Amino acid sequence: MAAPAVQHSNNNNSMKEGRKGVNDSKAESKCAAEDGGGSVDHVAELVEREIGGDLKSLRKVGGLLEKLTEENSLLEEQVLTVSSSVPLRVAAALSAAEESRTKLEVLLQKERLLSNTLQQHLQGAQSWADSLGQTLGQLDTLERHMKYLQCLARIEELSDSIQQFLMTNSVWEAIGAVGNMATLDMGLKESGCLHLQAFLRETLHFWHKILKDKLASDFEEVLTQLHWPIVSPPTHSLSPPANAQELSNQLELLVSQLLSLQMSDDLISEKREVPTRPGLPQTPPLSLPIQIMLLPLSKRFRYHFTGNRQTNSLNKPEWYLTQVLVWMGHNSAFMEEKIQPILDRAGANVNAKVELCRGLLTLAQEKLAHDAPRLLYDDALFCHLVDEVLQFEKELRTTHAYPSTYPGALHILLEEAVFQKWLSVERKMAVEKVDAMLSAEGAWSSQYKDITDMDELKAPDCAETFMTLLLVITDRYRSLPCPQAQLNFLALQRELVDDFRIRLTQVMKEESRQPLGARYCAILNAANYISTVLSDWGDNVFFLQLQQAAVSVGEEVLGPLGVTESGRLASLEGSLFEGLLALLERLRGDMLGRLLDAVMRDVKEKAHPYSRDRWISLPSQCDQATMSLSSSACPMLLCLRDHLLQLQQLLCLPLFQMFWQGLAERLDLFLYQDVILYNHFNEGGAAQLQFDMTRNLFPLFGHYCKRPENFFKHVKEACIILNLKVGPALLLCDVLKQAEEGLEEGEVSVRPQQPTPESALNELGVYKLSPSDVQILLNLRSAWLNH
């Protein structure tokens with residue numbers, strides 16, 4: 001049946017291929033008809049390329065014909081070869097496909113047979129599998145019951161052994177058995193047998209407590225014979241007990257046994273950290289020997305500083321803080337000499353002195369945490385508490401070398417309510433102190449005014465006291481363990497500085513009617529002093545560390561920081577006081593400007609007769625025996641001298657340097673514009689002006705620099721132009737005139753032998769004035785008035 005089907009399929013394929021061939025032939029005929037014109041063009045192009053229009057090239061026709069004939073024969077052979085090989089390949093492919101189809105049908109038949117057989121086998125084995133699963137489940141239940149009973153038996157065995165060891169006083173063996181029981185407890189941690197876990201935990205705690213109480217009793221007895229604790233200053237006159245060596249051996253044995261019990265004690269509890277208040281970092285528990293040694297001191301502390309005792313006073317926190325420090329000092333030697341060697345030999349990584357300080361500090365922390373909230377509504381008592389805690393923390397870290405990695409007493413002050421109260425009290429007290437210092441009688445005078453070496457900045461007492469106040473605040477929060485808390489205090493300092501700047505501005509406006517007065521200059525010195533100190537703080541290591549912290553958490557405290565500001569802070573280009581420094585610089589610049597305006601008003605008033613002098617009719621230098629200062633210049637120069645001497649005494653050196661340089665700049669422009677450009681000068685007038693300037697004005701400023709004429713460039717160079725001899729003046733005028741004419745005519749270059757106006761002026765020592773300014777000055781000479 002397969003053969004006729006195949007044959008029918010082949011016939012259908014042949015018919016489809018025949019119809020396809022006819023359609024292809026029609027398509028090719030159509031394409032050939034469409035491409036006929038293209039073939040003619042191709043032949044014409046070939047003839048044109050090979051033969052061209054030259055008749056002599058016709059001899060190439062024979063060779064061209066032979067070449068094309070060979071190419072045609074070669075193409076025909078290739079077509080015949082392809083036409084004969086294609087049917088053979090198609091037949092082979094069809095045969096291979098038929099063979100593959102037959103094999104596939106055989107494989108599919110085998111697969112169906114195997115699938116049916118396997119399904120029958122699984123159905124028959126299902127009952128066996130169900131029976132076996134039930135048996136395995138029973139075995140698993142029996143095994144868990146057996147293990148449960150084995151655990152109970154193990155617990156009973158360990159409990160009996162511990163009891164036997166304690167009866168025979170085999171303490172080390174008992175400690176080992178308790179350790180094994182603790183290990184078993186840890187092994188059952190992931191188990192779901194809650195009742196078994198509870199039973200084991202209760203049994204473990206029972207024996208652990210009995211063993212711990214026994215060792216603690218023996219340990220306390222030995223400590224008592226060694227005169228522990230030392231509550232009064234130790235004396236070396238006491239002779240050692242007769243059984244000192246025996247006590248030493250017992251002490252080492254008991255400490256070692258307690259340390260071993262400590263290891264199992266750590267396994268008992270899921271978390272063995274000492275309970276700490278929120279916000280305090282977690283610390284490891286105190287070792288058992290130290291806990292027992294602290295018991296008598298803890299009893300004494302609670303006896304004196306709790307309840308209704310007179311020593312338990314809210315207004316005397318220094319009593320219990322000092323007592324803790326005293327106990328640390330008295331007992332440190334015992335810990336280092338007696339306990340530390342035992343700990344080292346036992347291989348315990350514990351510092352006995354630090355452990356003692358940690359235990360005693362816990363007592364102080366609990367007391368502080370109890371008292372601090374009760375003082376939130378009494379500013380005086382709260383401030384006293386903060387002062388005592390800061391002093392306690394300082395002595396704890398320095399005198400007793402308490403590690404900075406462990407929390408101290410300051411952590412109690414960082415609790416939210418207490419810390420906010422601390423900030424508000426600091427702000428309130430600082431504002432009150434600022435009010436008091438500004439209203440004090442000597443607020444604007446320097447306490448070092450009579451000591452020259454110590455009064456370089458001439459800071460008034462109020463500014464120096466204010467910066468001392470800020471420094472004290474810095475010292476108070478410098479030791480805080482939390483950068484965010486430190487940034488809160490830094491924000492308070494910045495607020496206080498800005499408030500003080502505003503107060504300075506208000507006082508300055510009141511004193512602006514007398515800018516040459518001592519108080520006005522004192523305000524200016526105060527602004528400069530604060531700016532100088534803040535600039536130094538910006539380079540301080542502590543504030544640089546705060547600057548790095550401000551980049552990460554500063555926005556929560558200091559407000560939103562821009563991308564630019566954050567980048568500058570992170571790269572240490574800026575500082576935390578950059579904004580305040582800019583405001584102080586603006587205030588300083590404004591006050592200096594007012595000061596210069598006041599001095600220049602006075603100078604201009606005194607210089608009015610000098611600017612209206614008859615400079616065009618003064619006698620020449622040859623007609624005078626000696627040159628002398630113009631009488632009209634004396635009031636101006638005396639005014640200048642008096643103001644310079646006065647302000648040199650009132651202003652600090654950096655400010656005075658800025659002042660006299662600004663004054664010189666303004667005075668230079670005034671003399672140039674209102675005296676020189678306003679008048680005409682004959683030879684005598686020009687010489688007199690130069691004498692007044694170089695021999696009288698410039699030396700006034702020579703006390704403050706080596707070359708004062710460099711600050712009066714307009715006046716100096718104008719004097720040079722006005723005092724030129726007639727010949728050089730005419731040559732200079734000619735050079736300037738030719739350069740001006742060349743520019744008007746559009747000439748780019750000048751003659752090589754002709755100097756440029758700038759080079760001609762530079763040869764005369766004129767660098768500031770432009771050629772047009774020099775032409776104006778030359779026209780002020782009386783010798784030019786006749787031309």
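This tour goes through a predicted model one selection at a time, and says what is found at each stop.

**Helix 2**

Begin with helix 2, which covers residues 60-167, and select Arg-101 together with Glu-105. Their side chains meet in a salt bridge with an N to O distance of 2.8 Å, and the two residues stand four apart in helix 2, about one turn of the helix. Arg-101 is partly exposed, with a relative accessible area of 39%, and Glu-105 is likewise partly exposed, at 45%. Adding Glu-98 to the selection completes a network of salt bridges that links Glu-98, Arg-101 and Glu-105.

Next, select Leu-132, Leu-136, Leu-139 and Leu-142, which form a nonpolar patch on the surface and together have about 400 Å² of accessible area. Of this group, Leu-142 lies in helix 2 and counts as exposed, because its relative accessibility of 52% is above the 50% cut-off.

**Helix 8**

Move to residues 352-371, which make up helix 8; at 1.5 Å a residue its 20 residues should span 28 Å, and the end C-alpha atoms, 29 Å apart, agree with that expectation. Because 17 of the 20 residues are buried, helix 8 is largely enclosed by the rest of the structure. At its N-terminal end, select Asn-351, which caps the helix by placing a side-chain oxygen 3.1 Å from the backbone nitrogen of Lys-353.

**Two cysteines**

Select Cys-357, which is buried at 1% relative accessibility, and then Cys-482, which is partly exposed at 28%. How many disulfides does a search of the whole structure find? The search returns zero.

**Helices 9 and 13**

The structure holds 33 salt bridges, and two more of them can be selected here. In helix 9 (residues 379-398), Arg-397 and Glu-393 are four residues apart, about one turn of the helix, and they form a salt bridge whose closest N and O atoms are 2.8 Å apart. Is each partner buried or partly exposed? Arg-397 is partly exposed at 22% relative accessibility, whereas Glu-393, at 4%, is buried.

Finish in helix 13 (residues 483-511), where Asp-499 and Arg-503 are also placed four residues apart, about one turn of the helix, and where their salt bridge brings the closest N and O atoms to 2.9 Å. Asp-499 is partly exposed at 30% relative accessibility, while Arg-503, at 19%, counts as buried because the cut-off is under 20%.

Methods
Residues numbered from 1 in each chain as written. Predicted model: local features only at pLDDT ≥ 70, side-chain atom pairs only at ≥ 80, totals over all residues. Heavy atoms only, no water. Patch = residues over 30% accessible without salt bridge, like charges linked within 9 Å, V, L, I, M, F, W, Y side chains within 5 Å. Areas by Shrake-Rupley, 256 points an atom, 1.4 Å probe, with all protein chains shown as cover. Salt bridge = Lys/Arg side-chain N within 4 Å of Asp/Glu carboxyl O. Buried < 20%, exposed > 50% of the residue type's maximum accessible area, 1.4 Å probe, protein only. Expected span 1.5 Å × (residues − 1). Polar contact = N/O pair within 3.5 Å; in protein donor to acceptor, adjacent residues only side chain to side chain. Disulfide = S-S within 2.5 Å.
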